[in-house]
Amino acid sequence: MNWEIVIGLETHAQLSTASKMFSGGSTAFGAPPNTQANAVDIALPGVLPVANRGAVERAIRFGLAVGGERVINRRSVFARKNYFYPDLPKGYQISQYELPIVKGGEIRILTKGGEKAIRLTRAHLEEDAGKSLHEAFQDMSGIDLNRAGVPLLEIVSEPDMRSAEEAVAYAKALHALVRWIDICDGNMQEGSFRCDANVSVRRPGAPLGTRTEIKNLNSFRFLERAIGFEVKRQIEILEDGGKIVQETRLYDPDKDETRSMRTKEEAHDYRYFPDPDLLPLEVSEEWISKIKESMWPLQEQVMARFLAKSYEEYAAWEDKIDMWVNEAANQVVYGLSEQDAKELSSDLDRARYFQRTVELVGVQHAKLCANWILGDLAAALNKAGKDIPQSPVSPEQLGALIKRVVDGTISGKIAKELFDTMWTEPKPFVPQEDYPNPVRYPRRQESDIPPNLALLMSLQGVDEIIEKRGLKQISDAEEIEKIVDQVLAANAKQAEDYRAGKEKAFNSLVGQVMKATQGKANPAQVNEILKRKLAH
(Lines give C-alpha, C1' and ligand atoms only; values in the text may rest on other atoms or scores of the structure.)
Protein backbone atom coordinates (compact mmCIF):
# COMPACT_ATOMS: atom_id res chain seq x y z
CA MET A 1 0.00 0.00 0.00
CA ASN A 2 1.03 3.58 -0.64
CA TRP A 3 1.70 6.24 1.96
CA GLU A 4 0.57 9.83 1.74
CA ILE A 5 2.93 12.51 3.06
CA VAL A 6 1.40 15.42 4.98
CA ILE A 7 3.48 18.54 5.62
CA GLY A 8 2.79 21.90 7.22
CA LEU A 9 5.38 24.62 7.79
CA GLU A 10 5.84 27.16 10.55
CA THR A 11 8.11 29.92 9.31
CA HIS A 12 9.77 32.61 11.41
CA ALA A 13 10.50 35.78 9.44
CA GLN A 14 12.56 38.38 11.31
CA LEU A 15 10.93 41.74 10.66
CA SER A 16 13.19 44.43 9.22
CA THR A 17 12.86 46.97 12.00
CA ALA A 18 15.84 48.73 13.55
CA SER A 19 14.61 48.08 17.09
CA LYS A 20 13.15 45.09 18.90
CA MET A 21 9.53 44.02 19.28
CA PHE A 22 8.96 45.48 22.75
CA SER A 23 12.07 47.56 23.47
CA GLY A 24 14.43 50.04 21.87
CA GLY A 25 17.25 47.50 21.66
CA SER A 26 19.07 47.17 18.35
CA THR A 27 18.33 44.27 15.98
CA ALA A 28 21.65 44.59 14.09
CA PHE A 29 23.34 41.26 13.40
CA GLY A 30 26.86 40.37 14.50
CA ALA A 31 27.34 42.43 17.67
CA PRO A 32 29.42 40.94 20.51
CA PRO A 33 27.35 38.66 22.80
CA ASN A 34 24.92 40.38 25.18
CA THR A 35 25.75 43.92 24.04
CA GLN A 36 22.29 44.51 22.55
CA ALA A 37 20.18 43.19 25.42
CA ASN A 38 18.64 45.96 27.50
CA ALA A 39 16.60 46.00 30.70
CA VAL A 40 13.34 45.09 28.93
CA ASP A 41 14.96 42.25 26.98
CA ILE A 42 16.39 40.60 30.10
CA ALA A 43 13.23 41.23 32.13
CA LEU A 44 14.58 43.31 34.99
CA PRO A 45 11.95 44.13 37.65
CA GLY A 46 9.79 47.17 36.91
CA VAL A 47 10.21 47.29 33.13
CA LEU A 48 7.24 47.35 30.77
CA PRO A 49 7.07 46.31 27.10
CA VAL A 50 5.90 48.70 24.37
CA ALA A 51 4.85 47.21 21.01
CA ASN A 52 6.90 48.25 17.97
CA ARG A 53 4.63 50.10 15.52
CA GLY A 54 6.92 49.30 12.60
CA ALA A 55 6.61 45.57 13.29
CA VAL A 56 2.83 45.82 13.36
CA GLU A 57 2.85 47.68 10.04
CA ARG A 58 4.95 44.93 8.47
CA ALA A 59 2.52 42.28 9.71
CA ILE A 60 -0.35 44.25 8.14
CA ARG A 61 1.60 44.46 4.90
CA PHE A 62 1.96 40.68 4.92
CA GLY A 63 -1.76 40.22 5.50
CA LEU A 64 -2.58 42.47 2.55
CA ALA A 65 -0.23 40.44 0.35
CA VAL A 66 -1.62 37.00 1.21
CA GLY A 67 -5.33 37.70 1.47
CA GLY A 68 -6.18 41.37 1.53
CA GLU A 69 -8.04 43.30 4.21
CA ARG A 70 -10.35 40.39 5.07
CA VAL A 71 -7.55 38.39 6.77
CA ILE A 72 -6.38 41.21 9.04
CA ASN A 73 -7.88 41.12 12.51
CA ARG A 74 -8.87 44.60 13.63
CA ARG A 75 -8.30 43.48 17.20
CA SER A 76 -5.56 41.07 18.24
CA VAL A 77 -4.10 40.16 21.61
CA PHE A 78 -0.58 39.57 22.85
CA ALA A 79 -0.26 36.50 25.06
CA ARG A 80 2.39 35.02 27.29
CA LYS A 81 3.69 31.64 26.18
CA ASN A 82 5.18 30.08 29.29
CA TYR A 83 8.09 27.67 29.17
CA PHE A 84 11.53 27.34 30.71
CA TYR A 85 14.66 27.51 28.62
CA PRO A 86 18.02 29.06 29.56
CA ASP A 87 17.94 31.60 26.71
CA LEU A 88 14.44 32.85 27.62
CA PRO A 89 15.18 35.35 30.41
CA LYS A 90 11.56 36.16 31.33
CA GLY A 91 10.47 32.55 31.59
CA TYR A 92 7.85 33.31 28.96
CA GLN A 93 7.71 34.56 25.39
CA ILE A 94 5.35 37.33 24.32
CA SER A 95 3.44 35.99 21.34
CA GLN A 96 -0.13 35.85 20.00
CA TYR A 97 -2.39 32.84 20.31
CA GLU A 98 -6.19 33.00 20.14
CA LEU A 99 -6.36 36.33 18.31
CA PRO A 100 -3.41 36.73 15.88
CA ILE A 101 -3.03 39.82 13.72
CA VAL A 102 -3.48 37.79 10.50
CA LYS A 103 -5.85 34.85 10.15
CA GLY A 104 -6.13 33.04 6.83
CA GLY A 105 -4.75 33.81 3.38
CA GLU A 106 -2.79 31.68 0.94
CA ILE A 107 0.50 31.27 -0.89
CA ARG A 108 0.45 29.98 -4.46
CA ILE A 109 3.11 27.59 -5.68
CA LEU A 110 3.88 25.78 -8.92
CA THR A 111 3.94 21.99 -8.70
CA LYS A 112 4.33 19.21 -11.24
CA GLY A 113 0.53 19.14 -11.48
CA GLY A 114 0.21 22.90 -11.99
CA GLU A 115 -0.54 25.77 -9.65
CA LYS A 116 -1.56 24.96 -6.08
CA ALA A 117 -2.77 27.20 -3.25
CA ILE A 118 -1.30 26.53 0.19
CA ARG A 119 -3.66 27.83 2.85
CA LEU A 120 -2.33 29.84 5.76
CA THR A 121 -3.71 29.24 9.23
CA ARG A 122 -2.36 32.41 10.76
CA ALA A 123 0.52 34.85 10.99
CA HIS A 124 1.23 36.27 14.41
CA LEU A 125 3.69 38.68 15.98
CA GLU A 126 6.09 37.53 18.65
CA GLU A 127 9.55 38.13 20.09
CA ASP A 128 12.52 35.87 19.53
CA ALA A 129 14.42 34.11 22.30
CA GLY A 130 18.15 34.38 22.90
CA LYS A 131 20.68 31.83 21.67
CA SER A 132 22.50 29.04 23.50
CA LEU A 133 26.15 28.65 22.47
CA HIS A 134 27.69 25.21 22.92
CA GLU A 135 30.63 24.96 20.55
CA ALA A 136 32.78 27.70 22.10
CA PHE A 137 32.66 26.27 25.63
CA GLN A 138 33.86 23.09 27.31
CA ASP A 139 31.51 21.31 29.74
CA MET A 140 29.20 24.32 29.75
CA SER A 141 27.04 26.49 27.49
CA GLY A 142 27.05 30.22 26.89
CA ILE A 143 23.96 32.39 26.53
CA ASP A 144 23.77 35.30 24.07
CA LEU A 145 20.67 37.45 24.61
CA ASN A 146 21.23 39.79 21.66
CA ARG A 147 18.38 38.10 19.76
CA ALA A 148 16.04 38.18 22.76
CA GLY A 149 13.15 40.45 21.82
CA VAL A 150 13.90 40.59 18.06
CA PRO A 151 10.54 40.96 16.23
CA LEU A 152 9.26 37.91 14.38
CA LEU A 153 6.27 37.15 12.25
CA GLU A 154 5.47 33.46 12.62
CA ILE A 155 3.62 32.25 9.53
CA VAL A 156 1.77 28.96 9.99
CA SER A 157 0.48 26.99 7.01
CA GLU A 158 -2.23 24.37 6.88
CA PRO A 159 -0.95 20.79 6.29
CA ASP A 160 -1.56 21.14 2.54
CA MET A 161 1.80 20.01 1.16
CA ARG A 162 2.24 16.43 -0.02
CA SER A 163 5.96 16.21 -0.80
CA ALA A 164 9.30 17.68 0.16
CA GLU A 165 9.36 19.37 -3.25
CA GLU A 166 6.08 21.14 -2.52
CA ALA A 167 7.37 22.24 0.88
CA VAL A 168 10.49 23.74 -0.71
CA ALA A 169 8.38 25.45 -3.39
CA TYR A 170 6.19 26.96 -0.66
CA ALA A 171 9.19 28.07 1.41
CA LYS A 172 10.80 29.69 -1.64
CA ALA A 173 7.56 31.46 -2.60
CA LEU A 174 7.14 32.74 0.96
CA HIS A 175 10.79 33.81 1.10
CA ALA A 176 10.41 35.75 -2.15
CA LEU A 177 7.20 37.37 -0.89
CA VAL A 178 8.53 38.67 2.44
CA ARG A 179 11.52 40.15 0.62
CA TRP A 180 9.35 41.63 -2.12
CA ILE A 181 7.01 43.40 0.32
CA ASP A 182 10.10 44.56 2.24
CA ILE A 183 9.28 43.14 5.67
CA CYS A 184 12.25 40.76 6.02
CA ASP A 185 15.70 40.62 4.44
CA GLY A 186 15.39 36.85 4.05
CA ASN A 187 18.98 36.18 5.12
CA MET A 188 18.84 32.50 6.04
CA GLN A 189 22.49 32.33 7.13
CA GLU A 190 21.84 34.98 9.78
CA GLY A 191 18.60 33.33 10.91
CA SER A 192 16.27 35.98 9.48
CA PHE A 193 14.16 33.32 7.76
CA ARG A 194 13.90 29.82 9.19
CA CYS A 195 11.37 27.02 8.96
CA ASP A 196 9.99 24.34 11.27
CA ALA A 197 8.51 21.41 9.33
CA ASN A 198 5.61 19.39 10.73
CA VAL A 199 5.72 15.99 9.04
CA SER A 200 3.44 12.95 9.21
CA VAL A 201 2.43 10.06 6.96
CA ARG A 202 -0.87 8.22 6.52
CA ARG A 203 -2.64 5.81 4.27
CA PRO A 204 -4.63 7.62 1.56
CA GLY A 205 -7.99 8.67 2.97
CA ALA A 206 -7.04 7.87 6.57
CA PRO A 207 -7.06 10.46 9.41
CA LEU A 208 -3.92 12.53 9.92
CA GLY A 209 -1.05 10.61 11.44
CA THR A 210 1.07 11.57 14.43
CA ARG A 211 3.39 14.39 13.46
CA THR A 212 6.90 15.31 14.36
CA GLU A 213 8.33 18.80 14.15
CA ILE A 214 11.79 19.41 12.66
CA LYS A 215 13.11 22.68 14.10
CA ASN A 216 15.15 25.58 12.74
CA LEU A 217 15.82 24.63 9.13
CA ASN A 218 17.73 27.54 7.63
CA SER A 219 18.28 26.42 4.03
CA PHE A 220 15.99 25.07 1.33
CA ARG A 221 18.32 22.12 0.78
CA PHE A 222 18.26 21.20 4.47
CA LEU A 223 14.45 21.52 4.45
CA GLU A 224 14.12 19.08 1.55
CA ARG A 225 16.61 16.57 2.92
CA ALA A 226 15.26 16.70 6.47
CA ILE A 227 11.70 16.01 5.28
CA GLY A 228 12.94 13.23 3.02
CA PHE A 229 14.74 11.51 5.89
CA GLU A 230 11.86 11.97 8.32
CA VAL A 231 9.29 10.55 5.91
CA LYS A 232 11.44 7.48 5.32
CA ARG A 233 12.00 7.05 9.08
CA GLN A 234 8.30 7.24 9.90
CA ILE A 235 7.27 4.84 7.15
CA GLU A 236 9.85 2.27 8.30
CA ILE A 237 8.60 2.50 11.90
CA LEU A 238 4.96 2.09 10.90
CA GLU A 239 5.62 -0.79 8.50
CA ASP A 240 7.51 -2.56 11.28
CA GLY A 241 4.42 -2.27 13.50
CA GLY A 242 5.72 0.62 15.65
CA LYS A 243 4.17 3.95 16.60
CA ILE A 244 5.31 7.48 15.87
CA VAL A 245 6.10 9.56 18.96
CA GLN A 246 4.99 13.19 18.78
CA GLU A 247 8.23 15.03 19.36
CA THR A 248 10.51 17.85 18.28
CA ARG A 249 13.50 16.77 16.22
CA LEU A 250 16.64 18.42 14.87
CA TYR A 251 18.25 17.86 11.49
CA ASP A 252 21.97 17.03 11.46
CA PRO A 253 23.29 18.00 7.99
CA ASP A 254 26.61 16.22 8.57
CA LYS A 255 24.89 12.88 9.15
CA ASP A 256 21.90 13.74 6.95
CA GLU A 257 19.43 12.57 9.58
CA THR A 258 16.98 13.89 12.16
CA ARG A 259 17.36 13.15 15.86
CA SER A 260 15.08 13.55 18.84
CA MET A 261 15.33 16.83 20.75
CA ARG A 262 12.36 16.70 23.15
CA THR A 263 8.78 15.48 23.32
CA LYS A 264 6.43 17.83 21.48
CA GLU A 265 4.37 20.16 23.66
CA GLU A 266 0.70 20.90 23.07
CA ALA A 267 -0.76 24.40 23.34
CA HIS A 268 -2.08 23.77 26.88
CA ASP A 269 1.47 22.96 28.02
CA TYR A 270 2.42 26.58 27.40
CA ARG A 271 -0.38 27.96 29.63
CA TYR A 272 -1.19 30.88 27.32
CA PHE A 273 -2.90 33.89 28.83
CA PRO A 274 -3.24 37.55 27.72
CA ASP A 275 -0.22 39.63 28.66
CA PRO A 276 -1.41 42.04 31.37
CA ASP A 277 1.29 44.56 30.44
CA LEU A 278 0.09 45.02 26.86
CA LEU A 279 -3.24 46.38 25.67
CA PRO A 280 -5.08 44.60 22.85
CA LEU A 281 -3.75 45.67 19.46
CA GLU A 282 -6.33 47.78 17.61
CA VAL A 283 -5.89 48.24 13.85
CA SER A 284 -8.00 50.97 12.24
CA GLU A 285 -9.37 51.00 8.69
CA GLU A 286 -7.48 54.23 8.09
CA TRP A 287 -4.19 52.61 9.11
CA ILE A 288 -4.77 49.63 6.81
CA SER A 289 -5.65 51.93 3.90
CA LYS A 290 -2.54 54.01 4.43
CA ILE A 291 -0.28 50.94 4.44
CA LYS A 292 -2.05 49.50 1.39
CA GLU A 293 -1.59 52.76 -0.50
CA SER A 294 2.14 52.74 0.22
CA MET A 295 2.75 49.20 -1.06
CA TRP A 296 3.97 48.04 -4.41
CA PRO A 297 1.79 45.46 -6.16
CA LEU A 298 2.86 41.86 -5.80
CA GLN A 299 5.61 40.34 -7.90
CA GLU A 300 3.34 38.51 -10.34
CA GLN A 301 1.34 41.68 -10.93
CA VAL A 302 4.50 43.69 -11.67
CA MET A 303 5.70 41.00 -14.08
CA ALA A 304 2.34 41.04 -15.85
CA ARG A 305 2.56 44.81 -16.19
CA PHE A 306 6.10 44.57 -17.59
CA LEU A 307 4.92 41.94 -20.09
CA ALA A 308 1.67 43.49 -21.28
CA LYS A 309 1.65 45.20 -24.67
CA SER A 310 -1.52 47.18 -23.79
CA TYR A 311 -3.49 48.07 -20.70
CA GLU A 312 -6.39 45.97 -22.03
CA GLU A 313 -4.10 42.93 -22.11
CA TYR A 314 -3.02 43.60 -18.54
CA ALA A 315 -6.59 44.18 -17.33
CA ALA A 316 -7.69 40.86 -18.85
CA TRP A 317 -4.95 39.11 -16.88
CA GLU A 318 -5.87 40.99 -13.71
CA ASP A 319 -9.50 39.84 -13.99
CA LYS A 320 -8.43 36.19 -13.99
CA ILE A 321 -6.80 36.24 -10.59
CA ASP A 322 -8.25 36.50 -7.11
CA MET A 323 -5.71 38.72 -5.39
CA TRP A 324 -5.41 42.14 -3.88
CA VAL A 325 -4.58 44.81 -6.45
CA ASN A 326 -3.26 48.23 -5.49
CA GLU A 327 -5.90 50.64 -6.75
CA ALA A 328 -3.24 53.33 -7.17
CA ALA A 329 -1.94 51.49 -10.26
CA ASN A 330 -2.47 53.46 -13.44
CA GLN A 331 -2.44 52.31 -17.05
CA VAL A 332 1.33 52.12 -17.61
CA VAL A 333 2.46 48.90 -19.32
CA TYR A 334 5.87 48.13 -20.78
CA GLY A 335 5.61 45.45 -23.48
CA LEU A 336 8.84 43.61 -22.62
CA SER A 337 9.83 40.08 -23.59
CA GLU A 338 9.03 37.32 -21.12
CA GLN A 339 12.72 36.87 -20.27
CA ASP A 340 13.28 40.58 -19.60
CA ALA A 341 10.07 40.89 -17.57
CA LYS A 342 10.98 37.86 -15.49
CA GLU A 343 14.49 39.11 -14.73
CA LEU A 344 13.42 42.67 -13.93
CA SER A 345 10.60 41.53 -11.61
CA SER A 346 12.70 38.90 -9.83
CA ASP A 347 14.01 41.52 -7.41
CA LEU A 348 12.14 44.47 -5.92
CA ASP A 349 15.11 46.84 -6.04
CA ARG A 350 15.73 46.01 -9.68
CA ALA A 351 12.07 46.53 -10.54
CA ARG A 352 12.09 49.92 -8.80
CA TYR A 353 15.30 50.94 -10.55
CA PHE A 354 13.87 49.94 -13.93
CA GLN A 355 10.60 51.77 -13.40
CA ARG A 356 12.36 54.92 -12.26
CA THR A 357 14.67 54.85 -15.30
CA VAL A 358 11.79 54.32 -17.73
CA GLU A 359 9.80 57.06 -16.01
CA LEU A 360 12.58 59.51 -16.87
CA VAL A 361 13.42 58.26 -20.37
CA GLY A 362 9.92 57.43 -21.61
CA VAL A 363 7.93 54.19 -21.74
CA GLN A 364 8.52 53.95 -25.51
CA HIS A 365 12.18 53.25 -24.65
CA ALA A 366 11.42 50.58 -22.00
CA LYS A 367 13.25 47.88 -23.97
CA LEU A 368 16.40 50.02 -24.26
CA CYS A 369 16.29 50.72 -20.51
CA ALA A 370 15.87 46.98 -19.83
CA ASN A 371 18.90 46.21 -22.02
CA TRP A 372 21.08 48.64 -20.08
CA ILE A 373 19.93 47.45 -16.64
CA LEU A 374 20.18 43.74 -17.42
CA GLY A 375 23.38 44.20 -19.46
CA ASP A 376 25.96 46.83 -18.55
CA LEU A 377 24.61 47.68 -15.09
CA ALA A 378 24.14 44.04 -14.06
CA ALA A 379 27.64 43.14 -15.27
CA ALA A 380 29.21 46.04 -13.35
CA LEU A 381 27.28 45.14 -10.19
CA ASN A 382 28.27 41.50 -10.47
CA LYS A 383 31.93 42.35 -10.98
CA ALA A 384 31.93 44.70 -7.98
CA GLY A 385 29.94 42.31 -5.79
CA LYS A 386 27.28 44.97 -5.20
CA ASP A 387 23.48 44.91 -5.05
CA ILE A 388 21.52 47.43 -7.06
CA PRO A 389 20.85 49.84 -4.14
CA GLN A 390 24.64 50.25 -3.83
CA SER A 391 25.08 51.13 -7.52
CA PRO A 392 27.29 54.23 -7.99
CA VAL A 393 25.09 55.03 -11.01
CA SER A 394 21.61 56.10 -9.94
CA PRO A 395 18.50 55.47 -12.08
CA GLU A 396 18.42 59.23 -12.75
CA GLN A 397 21.98 59.13 -14.07
CA LEU A 398 21.39 56.05 -16.20
CA GLY A 399 18.18 57.63 -17.49
CA ALA A 400 20.10 60.75 -18.50
CA LEU A 401 22.72 58.63 -20.28
CA ILE A 402 20.08 56.68 -22.21
CA LYS A 403 18.33 59.95 -23.04
CA ARG A 404 21.47 61.20 -24.75
CA VAL A 405 21.68 57.98 -26.79
CA VAL A 406 18.04 58.34 -27.81
CA ASP A 407 18.40 61.97 -28.92
CA GLY A 408 21.59 61.19 -30.89
CA THR A 409 23.99 63.21 -28.76
CA ILE A 410 26.23 60.17 -28.23
CA SER A 411 26.51 56.77 -29.87
CA GLY A 412 25.87 53.47 -28.15
CA LYS A 413 29.59 52.74 -28.08
CA ILE A 414 30.43 56.11 -26.52
CA ALA A 415 27.58 55.59 -24.03
CA LYS A 416 29.25 52.42 -22.78
CA GLU A 417 32.52 54.31 -22.25
CA LEU A 418 30.64 57.09 -20.50
CA PHE A 419 28.88 54.54 -18.26
CA ASP A 420 32.27 53.15 -17.21
CA THR A 421 33.35 56.69 -16.30
CA MET A 422 30.19 57.28 -14.29
CA TRP A 423 30.74 53.97 -12.50
CA THR A 424 34.40 54.48 -11.60
CA GLU A 425 34.15 58.22 -10.93
CA PRO A 426 30.76 58.55 -9.22
CA LYS A 427 29.43 62.06 -8.95
CA PRO A 428 26.27 63.03 -7.06
CA PHE A 429 24.44 64.51 -10.04
CA VAL A 430 21.15 64.25 -8.11
CA PRO A 431 20.66 64.77 -4.36
CA GLN A 432 19.94 61.46 -2.65
CA GLU A 433 16.28 60.47 -2.66
CA ASP A 434 14.63 57.85 -0.49
CA TYR A 435 15.47 55.08 -2.98
CA PRO A 436 15.27 52.14 -2.34
CA ASN A 437 12.57 52.71 0.28
CA PRO A 438 9.01 51.69 -0.64
CA VAL A 439 7.40 53.95 -3.21
CA ARG A 440 3.95 54.08 -4.67
CA TYR A 441 3.62 52.07 -7.84
CA PRO A 442 3.37 53.09 -10.56
CA ARG A 443 3.22 56.68 -9.30
CA ARG A 444 6.36 58.77 -9.27
CA GLN A 445 8.92 58.20 -6.56
CA GLU A 446 8.24 60.39 -3.58
CA SER A 447 10.88 63.08 -3.42
CA ASP A 448 11.22 66.79 -2.96
CA ILE A 449 12.70 66.89 -6.48
CA PRO A 450 10.15 66.77 -9.35
CA PRO A 451 11.09 64.04 -11.86
CA ASN A 452 11.63 66.52 -14.71
CA LEU A 453 14.03 68.52 -12.55
CA ALA A 454 15.81 65.34 -11.44
CA LEU A 455 16.32 64.38 -15.06
CA LEU A 456 17.47 67.90 -15.96
CA MET A 457 20.07 67.88 -13.16
CA SER A 458 21.32 64.45 -14.26
CA LEU A 459 21.46 65.53 -17.91
CA GLN A 460 23.58 68.50 -16.91
CA GLY A 461 26.02 66.13 -15.18
CA VAL A 462 26.17 63.78 -18.18
CA ASP A 463 26.55 66.70 -20.60
CA GLU A 464 29.39 68.02 -18.51
CA ILE A 465 31.35 64.77 -18.99
CA ILE A 466 30.47 64.63 -22.70
CA GLU A 467 31.69 68.19 -23.22
CA LYS A 468 34.80 67.81 -21.08
CA ARG A 469 35.93 64.63 -22.84
CA GLY A 470 34.80 65.59 -26.31
CA LEU A 471 32.48 62.60 -26.61
CA LYS A 472 29.63 64.26 -28.49
CA GLN A 473 28.51 62.27 -31.51
CA ILE A 474 29.23 63.69 -34.96
CA SER A 475 25.87 63.97 -36.69
CA ASP A 476 26.71 66.67 -39.22
CA ALA A 477 26.11 64.99 -42.61
CA GLU A 478 28.60 67.18 -44.48
CA GLU A 479 31.38 66.50 -41.98
CA ILE A 480 30.72 62.72 -42.08
CA GLU A 481 30.60 62.81 -45.91
CA LYS A 482 34.06 64.43 -46.05
CA ILE A 483 35.49 61.71 -43.82
CA VAL A 484 33.79 58.98 -45.90
CA ASP A 485 35.35 60.45 -49.06
CA GLN A 486 38.78 60.36 -47.44
CA VAL A 487 38.33 56.74 -46.32
CA LEU A 488 37.14 55.63 -49.77
CA ALA A 489 40.06 57.38 -51.42
CA ALA A 490 42.49 55.64 -49.08
CA ASN A 491 40.83 52.22 -49.41
CA ALA A 492 39.99 51.96 -53.11
CA LYS A 493 40.50 48.17 -53.23
CA GLN A 494 38.00 47.55 -50.41
CA ALA A 495 35.50 49.78 -52.17
CA GLU A 496 35.91 47.73 -55.35
CA ASP A 497 35.61 44.48 -53.38
CA TYR A 498 32.27 45.63 -52.00
CA ARG A 499 31.02 46.61 -55.45
CA ALA A 500 32.07 43.12 -56.58
CA GLY A 501 29.75 41.57 -53.99
CA LYS A 502 32.01 41.10 -50.97
CA GLU A 503 29.80 42.27 -48.07
CA LYS A 504 32.59 42.00 -45.48
CA ALA A 505 34.42 44.83 -47.23
CA PHE A 506 31.58 47.19 -46.27
CA ASN A 507 32.01 46.46 -42.58
CA SER A 508 35.72 47.14 -42.93
CA LEU A 509 34.99 50.54 -44.48
CA VAL A 510 32.55 51.38 -41.69
CA GLY A 511 35.27 50.51 -39.21
CA GLN A 512 37.72 52.81 -40.96
CA VAL A 513 35.25 55.73 -40.78
CA MET A 514 34.56 55.08 -37.09
CA LYS A 515 38.31 54.88 -36.43
CA ALA A 516 38.87 58.18 -38.20
CA THR A 517 36.21 59.83 -36.01
CA GLN A 518 37.37 58.08 -32.81
CA GLY A 519 34.03 56.28 -32.69
CA LYS A 520 32.04 59.53 -32.59
CA ALA A 521 30.35 59.42 -36.00
CA ASN A 522 26.65 58.60 -36.05
CA PRO A 523 26.65 54.91 -37.15
CA ALA A 524 23.32 55.15 -38.99
CA GLN A 525 24.50 58.14 -41.01
CA VAL A 526 27.84 56.48 -41.75
CA ASN A 527 26.04 53.43 -43.14
CA GLU A 528 23.64 55.52 -45.22
CA ILE A 529 26.36 57.77 -46.72
CA LEU A 530 28.72 54.87 -47.43
CA LYS A 531 26.04 52.88 -49.25
CA ARG A 532 25.07 55.92 -51.30
CA LYS A 533 28.69 56.61 -52.28
CA LEU A 534 29.44 52.99 -53.11
CA ALA A 535 26.36 52.70 -55.29
CA HIS A 536 27.91 55.03 -57.88
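This briefing covers strand pairing, one helix contact, cysteines and two asparagines with positive phi. The model is predicted. Its features include an open sheet of three strands, a crossing of helices α1 and α4 at roughly 70 degrees, and a hairpin between β6 and β7. No disulfide turns up in a search of the whole structure.

**Open sheet β4-β3-β15**

- The strand order in this open sheet is β4-β3-β15, and the pairing is antiparallel.
- The edges are held by β4 (92-96) and β15 (273-274), each of which has a single partner strand, so one side of each has no neighbour in the sheet.
- Five bridges connect β3 (residues 78-82) with β4 in the antiparallel sense.
- Opposite Ala-79 stands Ser-95 of β4.

**Hairpin β6-β7**

- Strands β6 (residues 106-111) and β7 (residues 114-127) are paired in the antiparallel sense over six bridges.
- The hairpin that joins β6 to β7 runs through two residues.
- Ile-107 has Ile-118 in β7 as its bridge partner.

**Contact of helices α1 and α4**

- Two packed helices are described by the angle between their axes and the distance between the axes.
- For α1 (residues 53-66) and α4 (residues 285-294), the axes come within 10 Å and the crossing angle is roughly 70 degrees.
- Helix α1 is therefore roughly perpendicular to α4, because angles of 65 to 115 degrees count as such.
- From α1, the contact is made by Arg-53, Val-56, Glu-57, Ile-60, Arg-61 and Leu-64.
- From α4, the contributing residues are Trp-287, Ile-288, Ile-291 and Lys-292.
- By class, the residues of the contact of α1 with α4 are six nonpolar and four charged, with no polar residue.

**Cysteines**

- The whole structure has zero disulfides.
- Cys-184 is buried, at a relative accessible area of 4%.
- Cys-369 is also buried, and its relative accessible area is 0%.

**Asparagines with positive phi**

- Asn-34 is not a glycine, yet its phi is positive, at about 65 degrees.
- Asn-34 is placed in the loop between β1 (4-14) and α1.
- With a relative accessibility of 38%, Asn-34 counts as partly exposed.
- Asn-216, also not a glycine, has a positive phi of about 55 degrees.
- Strand β12 (residues 212-217) contains Asn-216.
- The relative accessibility of Asn-216 is 43%, so this residue counts as partly exposed.

Methods: Residues are numbered from 1 along each chain as its sequence is written. This is a predicted model: local features need pLDDT of at least 70, side-chain atom pairs count only at pLDDT 80 or more; totals for chains, interfaces and linings use all residues. Side-chain values use heavy atoms; hydrogens and water are left out. Two strands pair if DSSP finds at least two bridges between them. Helices (H or I, at least four residues) and strands (E, at least two) are DSSP runs, numbered from the N terminus. Axes are lines fitted to C-alpha atoms, for helices over the stretch in contact, and angles run from 0 to 180 degrees between N-to-C directions. Angles under 35 degrees count as roughly parallel, over 145 as roughly antiparallel, 65 to 115 as roughly perpendicular and the rest as oblique. Contact means heavy atoms within 4.5 Å. Ala, Val, Leu, Ile, Met, Phe, Trp, Tyr, Cys and Pro count as nonpolar, Asp, Glu, Lys and Arg as charged, and the others, Gly among them, as polar. A disulfide is a pair of cysteine sulfur atoms within 2.5 Å. Buried means under 20% relative accessible area, exposed over 50%, partly exposed in between (1.4 Å probe, protein chains only).
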